[in-house]
Amino acid sequence: MGADAGPERLAEGYRAFSEESAAEAPVYSALAAAVAGDRELLDFLTALPAGKRHPTLFLAALRFLGGVPADGAELRERVVSDAGRLRDTILARRTQTNEPARCAALLPALAMIGGPLALVEVGAAAGLCLYPDRYGYEYDGRPLGPPGPVRLRCTTSGPVPVPAQLPEVVARIGVDLDPLDVTDPDDRAWLRALVWPGPVEDERLARLDAAAAVAAQDPPVLLAGDLLDRLPDALALVPAGATPVVLHTAVLPYVGAARRAAFVERVRSLPVRWVAQEGAGMVPGTGQPFPGGWGPYLVLSLDGRPLAHTAPHGGRVDWLG
Ligand SMILES: C[S@@+](CC[C@H](N)C(=O)[O-])C[C@H]1O[C@@H](n2cnc3c(N)ncnc32)[C@H](O)[C@@H]1O
């Protein structure tokens, strides 16, 4: 759905999304199929800039403005009657799904690093993955960490080194093209709008709200800008005596190949530890990339070495070898 995407290519993309989202979000699957068959809606999307036509962003913007359309007819009516506001929202926002449950996948890698830790997360969205020490966990039913409203459940296979205690985190620093502020009601609403409607929606929204409340009590430092440009500024904020950990999860597929390679080279050249949870192959040496960068799992790596395959939202960790 890039710069050259005409209505026919967009229709193909929406049909593919419809198939891929059928289990997780049946309503979105039906809505995307309706868009794929509607020339006027495809023309609305085609007129948007490249990078702004994806179903996830389009459907989140509709949800943000007036809830999830019940069916294709309501979606069409809302696009036609509210095209200006919808277009403005799509232009102003980006896909920034912030899933704190990814901390359950990150934790075993973080626990392998000597602390105290200064987390520097690039592509942080609202920074909800910067609080791995503040959430409670259940690995295969075994509790870990503080009791409280954020309970991250995770099933494992293989010798996952689940730590006996949580790491000490002394700095939470993020970089994002467009940081979201958990204390801002509009940004909170956008984070909620990005959660797909479906069987796990209620659980995800409750987790998001609870994690946002944790972050709001002690907000992270978030720098606006590109991950490569702002990395030095972010690292300059690391306090003396802390181990700097560059961290990213579900970000690199959004970054062009040349920029991604430059980022990887830069991180490798720095005296930092590096934890990534990304699509296969996004970090070199972590497998063959899936089309578009996304696949059925994300690869957890430490300093470029693959450690585990993890569920995209963190609910499962399969340790490698
Ligand atoms: C899918 S979200 C993931 C957010 C968070 N890491 C998580 O896993 O919950 C991707 C984030 O990366 C950010 N992003 C994409 N390209 C970026 C870039 N070049 N520099 C900084 N941030 C970027 C987006 O704005 C978005 O907030």
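Here are some worked exercises on the predicted model shown above.

**Exercise 1. The two domains**

Task: Find out where the domains begin and end, how far apart their centres lie, and how many residues of each are in contact with the other.

Solution:
- Step 1. Start with the bounds: domain 1 covers 7–92, and domain 2 covers 100–319.
- Step 2. Take the C-alpha centre of each domain; domain 1 and domain 2 turn out to be 28 Å apart by this yardstick.
- Step 3. Look at the contacts between them: 16 residues of domain 1 meet 16 residues of domain 2.

**Exercise 2. The ligand and its surroundings**

Task: Describe the shell of residues around the ligand, and then work out how much of the ligand's accessible area the protein covers.

Solution:
- Step 1. Pick out the nearest neighbours. Of the 21 residues around the ligand, those that come nearest are N98, E99, R102, D176 and D226.
- Step 2. Sort the shell by class: eight residues are nonpolar, seven are polar and six are charged.
- Step 3. Turn to single atoms. The side chain of D176 places an N or O atom 2.6 Å from an oxygen atom of the ligand.
- Step 4. Now check the backbone. L227 has a backbone N or O atom 2.9 Å from a nitrogen atom of the ligand, and a backbone N or O atom of T249 is likewise 2.9 Å from a ligand nitrogen atom.
- Step 5. Finish with the area. On its own the ligand has 600 Å² of accessible area, and the protein covers 96% of it.

**Exercise 3. H248 and its partners**

Task: Is H248 buried or exposed, and which side chains make polar contacts with the side chain of H248?

Solution:
- Step 1. Locate the residue: H248 belongs to strand β7, which spans residues 243–249.
- Step 2. Judge the burial. H248 counts as buried because its relative accessibility is 0%, and the cut-off for buried is under 20%.
- Step 3. Find the polar partners. The side chain of H248 makes a polar contact of 2.9 Å with that of W274 and another of 2.8 Å with that of E278.
- Step 4. Widen the view. Leaving out residues up to four places away in sequence, H248 touches V122, F263, W274, V275, A276, Q277, E278 and V283.

**Exercise 4. Following the trail to F263**

Task: Place F263 in its helix and list what F263 touches.

Solution:
- Step 1. F263 sits in helix α11, residues 257–269.
- Step 2. With a relative accessibility of 0%, F263 is buried.
- Step 3. Setting aside residues up to four places away in sequence, the contacts of F263 are V122, L227, L228, L231, V246, H248 and L252.
- Step 4. Take L252 from that list: F263 and L252 are eleven residues apart in sequence, and their C-alpha atoms are 9.5 Å apart in space.

**Exercise 5. Two side chains that reach a backbone oxygen**

Task: For W190 and R78, which residue supplies the backbone oxygen that lies by a polar atom of the side chain?

Solution:
- Step 1. Begin with W190, a residue of helix α8 (residues 185–193). W190 has a relative accessible area of 0% and is therefore buried.
- Step 2. A polar atom of the W190 side chain lies 3.1 Å from the backbone oxygen of R94. R94 is also among the residues that W190 touches, and others include L57, F64, T89 and L180.
- Step 3. Move on to R78 in helix α5 (residues 72–81). R78 is buried too, since its relative accessibility is 14% and the limit is under 20%.
- Step 4. Here G67 supplies the backbone oxygen, 3.0 Å from a polar atom of the R78 side chain. The contacts of R78 include G67, along with L62, R63 and P69.

**Exercise 6. Backbone details in the loops**

Task: Describe the peptide bond between G115 and P116, and then the phi values of A125 and D140.

Solution:
- Step 1. The bond joining G115 and P116 is cis, with omega about 0 degrees. P116 falls in the loop between α7 (103–110) and β1 (117–122).
- Step 2. A125 is not a glycine, yet its phi is positive, near 55 degrees. This residue lies in the loop between β1 and β2, and A125 is buried at 4% relative accessibility.
- Step 3. D140 also has a positive phi without being a glycine, at about 50 degrees. D140 lies in the loop between β2 and β3, and at 36% relative accessibility D140 is partly exposed.

Terms used:
Residues numbered from 1 in each chain as written. Predicted model: local features only at pLDDT ≥ 70, side-chain atom pairs only at ≥ 80, totals over all residues. Heavy atoms only, no water. Helix = DSSP H or I, 4+ residues; strand = E, 2+ residues; numbered from the N terminus. Buried < 20%, exposed > 50% of the residue type's maximum accessible area, 1.4 Å probe, protein only. Polar contact = N/O pair within 3.5 Å; in protein donor to acceptor, adjacent residues only side chain to side chain. Contact = heavy atoms within 4.5 Å. Near = heavy atom within 4 Å. Areas by Shrake-Rupley, 256 points an atom, 1.4 Å probe, with all protein chains shown as cover. Nonpolar A, V, L, I, M, F, W, Y, C, P; charged D, E, K, R; others polar. Domains from an automatic or database assignment.
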